[in-house]
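Trainee: I'm new to this structure and would like a close look at a single part of it. Could you walk me through how some neighbouring helices sit against each other?

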Amino acid sequence: MSDRGPLAMLFLGLVGAYVALGWIADLSIGSSGVTLAWPSAGIAFGAMLYFGPRWWLLPAVSIIVLHLTVSSVPAAFLPWSVASNVVGALAGVYLVRWRQPDALKRFDITVGTSVLLGGILLCLVSAVIGVIGLYLSDLAALNTLPSGILRWAIGDLLGVIVITPVTLLYLQYHFRKPREPATQTASYASATEQRLWIGALALTFLLALWLRSAQPSYALAVISLPLAGLIWGAVRLPPAPVVIANAVVWMVAVAAISQGFVGPRPDSTADATSIVAFLCVLAAIPITLSLGTQQSRQSAARLLHRANTDALTGLLNRSAFEYEARRTIQALPMQTMAMAYLDMDRFRLVNDAMSHAVGDELIGGVAGVLRANLRATDVLARIGGDEFAVLMLNIKADDAQAQAHRLCAAVAAYRFQSGEHVATPTISIGLVTFNGGEEHDFGTLLALADTACFAAKELGGNRIQLATPGAQDLVQQSSDTMRWALRLGNALERNHFRLFCQTIAPLRETSSDLRHFEVLLRLREGNNQMVLPGQFMAAAERYGLSAKVDRYVIDKIMRWFERHPEQVRMVGLCAINLCADSLQDERFLDDLAIKLRASVLRPDQLCFELTETSALRDLGRAQRFISDARALGCRFSLDDFGTGFCSFGYLRSLDVDFFKIDGSFVRDIETSPLSYAIVRSIADIGRVMRKQTIAECVESEQARQRLSDLGVDFAQGYALGRPIDISEYFNVRPASQPDLAKLA
């Protein structure tokens, strides 16, 4: 501690305790001039073990005060008394620190053995110095030195055994927090059993006194009754009450023996030494047993803690959360609760772009943000890679929703930096409220919250999606999505997809006969039924298959032209859609370069379409991807353009060839002034930036004419041609073709 005030008060308090115990011990001085026991040695030894050898002043000051107040000694013996207490304590402390440098960091048999060995050395050094001092001060005869040393050492040892643990636990309780949270979960006796133990221990004293007065020969019973109570406590109670009770019992025993309450006073050295040695053995039994049981509890609690705790975040893991949630839900009937499922948005991009180690650091940071913004009663757990769950107790539905919004806002405000990279994480939350005690299965509630979370991610992420128990539509949606993911994996392996092409036609006259078209994917199922991408791409993105689908399309289109090389000369520009995950795939461009070198298609015949939202999700990554692909010779189109209302500010950062106007504006261009104005603005910006514009979803001749009047360059939709199989497409001459000169 840095504050000297509390340390000074502690020093004075320990001096007072030292003097008080010394006064009690002074009552047991026999004919040899040596006390029956010296409990003060335990105070000095414990304090110096805790604070270090620099606290040697404690025994020095204490023994001087003791001799000047309650236990006067000849002036010639005073330096020897001080030296015996100080040098002995220093010797013991150095031995303990040499054997166990981290002696105070745990409470087990190994540390206890080191402390006991240090205490024995303390006793021997102190006894030799003290008894020599008695002889040189004419307080003891030469022939009594060996017996005096033995009695002095045994008396100090009893003080070390019973008082040092009390001193250490007192100092640790006031100056140190528990070092291992796992030990806090160790199981001890209930409060009722602890009160019963205290009463039983007091009763043993009374019974022992009665036995001694009734039958003086029952000395063994007098000793065994308190010892039985101490053993009971050592097995069932924490160490603190056991060591305190142990100290009280044996100090009372020493006082009773020294005053002759339990038999003749042992004035002879042999009697005193044998009695105190016997008491040392008895006093060590409860302490040793308490150390062993505490060590066993700590090991068991540590294993339980590891089994229930996520190693990365320190939160509960999935199994522990499930146990706690099930128990709580059933134990609190009719209490309103909420379960939240939290999933980090686009976390895989962090792993791919920065490494998994950085991703782990980000998860730890987000866990800290969540923990700091939850109530003390809320149960937070990490249940998956980047997934968390929260059980909110005693909370209304509106308050639970507000709490979920606060968590979203807190995570969105968190800035995580790793080297030159700064990540701004967001989370999506699925929330379900319910009443405890009702027939709610934990698995169903968690699945419902998970499904709601998935719906929140589908809506763009960084938002809350509410669900209610029994909302089977969401559960069915989640099941359908998982089934689609399985079907997709099977379809990719078995090549169940077909390529369709749809013409992108110029809106002005051109003499070129080269084809400009977009490649569209269809899933072929039974009876040759074609499934549109809108039914399966959400599952592909949810379960990390979208980049695999992109690779499949590129590989399939290149293989088709390898089988039909004569059709390559008819290709002006082949547009292929890319998802956000492909932009984050570090190997995508390397693999593309390898395929282009072996392909009959030229790089300038490929145009990759990126959605505006995927490009803006990680603008820096999108810029690098476009730049590297353009270096290969490929072109780019910004798809769904206009859906991001702040997107115009990013146009200078994205070196694309085409702006593809989102179909939601094109469909309403004849009836909505707003859509008309947006399309006109995009066309104007395209001309200013020397980019070409493509209008998709053109479904009528009137819409095509309006787009032409606005200066839009190309159109795509049913009014110009429906998607058809690639083989059929290259056997049919399109009605109009793009101006290749403008594409160059």
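Mentor: Let's go through one group of helices, with a short word on cysteines at the end. Keep in mind that this is a predicted model.

Start with helix α4, which covers residues 78-99, and helix α5, which covers residues 109-136. The two pack with their axes 7 Å apart, at an angle of about 160°. Angles over 145 degrees count as roughly antiparallel, so that is the label for α4 and α5. Their crossing is right-handed. As for what lies in the contact of α4 with α5, you'll find 15 nonpolar residues, nine polar ones and one charged.

Now turn to the other partner of α4 here, helix α3, made of residues 57-69. The axes of α3 and α4 are 9 Å apart, and the angle is about 145°. Here too the crossing is right-handed. You can pick out the contact residues for yourself: α3 brings P59, A60, I63, I64 and H67, while α4 brings L78, S81, V82, N85 and V86. Sorted by kind, the contact of α3 with α4 has seven nonpolar residues, three polar and no charged.

And the cysteines? A search of the whole structure turns up zero disulfides. Two cysteines to look at are C579 and C697: C579 is buried, at a relative accessible area of 9%, whereas C697 is partly exposed, at 23%.

Terms used
Residues numbered from 1 in each chain as written. Predicted model: local features only at pLDDT ≥ 70, side-chain atom pairs only at ≥ 80, totals over all residues. Heavy atoms only, no water. Disulfide = S-S within 2.5 Å. Buried < 20%, exposed > 50% of the residue type's maximum accessible area, 1.4 Å probe, protein only. Axes fitted to C-alpha atoms, helices over the stretch in contact; angles between N-to-C directions. Helix = DSSP H or I, 4+ residues; strand = E, 2+ residues; numbered from the N terminus. Parallel < 35°, antiparallel > 145°, perpendicular 65-115°, else oblique. Left-handed = near helix turned anticlockwise from the far one by under 90°. Nonpolar A, V, L, I, M, F, W, Y, C, P; charged D, E, K, R; others polar. Contact = heavy atoms within 4.5 Å.
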